[in-house]
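Work through the exercises below with the sequence and the 3D view side by side, and try each task before reading its solution.

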Amino acid sequence: MANRNLDFVTYFEDFLGPQTLLASPVGSDQWDIADTSATGTPTYTVGGINGEFTAAFDSANEVQNVCLFKGDVLNFDIDLIQSIQFRVRVTGTYNAASSLAFGLCSARNDTIDSLTAHASFRLIGSNSIFVETDDNVRDIDDIATGLSLSTTYRRFYIDFTKGKNDVQFRVDGQRVASSQLFDMSGYSVGLQPYVQLQKTASTNTDSVVVDFIEIESKRA
């Protein structure tokens, strides 16, 4: 404790069990699940050795959307956030029906491009990694990183230390999409961490595994 900088809030989630993931009790300020499946039963679990969160589709031929989020309680002020990082892997090869998004967002939405504000890593119909931001003024969509994600864990980092007008993305320590300026200065309130796995009507059984999420923020 002696070396901890108390000028910063550090939030760390290692997904150690047992935990109960509740289905969309919005406003609970816990890890909640939005599950928009109809007749199918996608799964979402935490626990195991050292802890992991896993979300997976079942084979029901229907639209499925599973989102891990903080119940739309936006505790992380964009003007104070320093960084968020994830350690993530997926199983198998995504096709055109499957997509994944994770990062920081305002109130969640089934459609990522309809979020009021967010800074996100995305897989969109393939295992290629894209990055994007939206501050409800500037919508910077689907910028390629030239990297991909598969069954081996990669570490993802979104950097706000240069200010919200110069948000930067890194994968395994390497800055990506560096030629693009990601400016979120049009947004001035809170965000929440999220991980959203979704598919259009198909029998895909893709999944995502998150080892940890860490957020660092200045104290107000």
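Two residues are in contact when heavy atoms of theirs lie within 4.5 Å. The model used here is a predicted one.

**Exercise 1.** Describe the fold of the protein chain as a whole, beginning with its secondary structure and its contacts.

*Solution.* Start with the elements: the protein chain has 17 strands and 0 helices. Next, consider the contacts with a separation of 6 or more, of which 68% join residues 24 or more positions apart. Then turn to size, where a compact globule of 220 residues would have a radius of gyration near 17 Å, and the 16 Å of the protein chain therefore agrees with that. Finally, 51% of the 220 residues are buried.

**Exercise 2.** Decide whether Thr133 is buried or exposed, and list what Thr133 touches.

*Solution.* First locate Thr133 in strand β11, which covers residues 128-134. Buried means under 20% relative accessible area; the value for Thr133 is 0%, so Thr133 is buried. Leaving aside residues up to four places away in sequence, the residues that Thr133 touches include His118, Ala119, Phe169, Phe182 and Met184.

**Exercise 3.** Place Val63 in its strand, classify its exposure, and find how far Val63 is from Lys199.

*Solution.* Val63 belongs to strand β6, residues 62-69. Partly exposed lies between the cut-offs of 20% and 50%, and Val63, at 48% relative accessibility, therefore counts as partly exposed. Although Val63 and Lys199 are 136 residues apart in sequence, their C-alpha atoms are 5.6 Å apart in space. Beyond residues up to four places away in sequence, Val63 touches Thr36, Ser37, Lys199, Thr200 and Ala201.

Definitions and conventions. Residues numbered from 1 in each chain as written. Predicted model: local features only at pLDDT ≥ 70, side-chain atom pairs only at ≥ 80, totals over all residues. Heavy atoms only, no water. Helix = DSSP H or I, 4+ residues; strand = E, 2+ residues; numbered from the N terminus. Buried < 20%, exposed > 50% of the residue type's maximum accessible area, 1.4 Å probe, protein only. Rg over C-alpha atoms; globule rule 2.2 N^0.38 Å.
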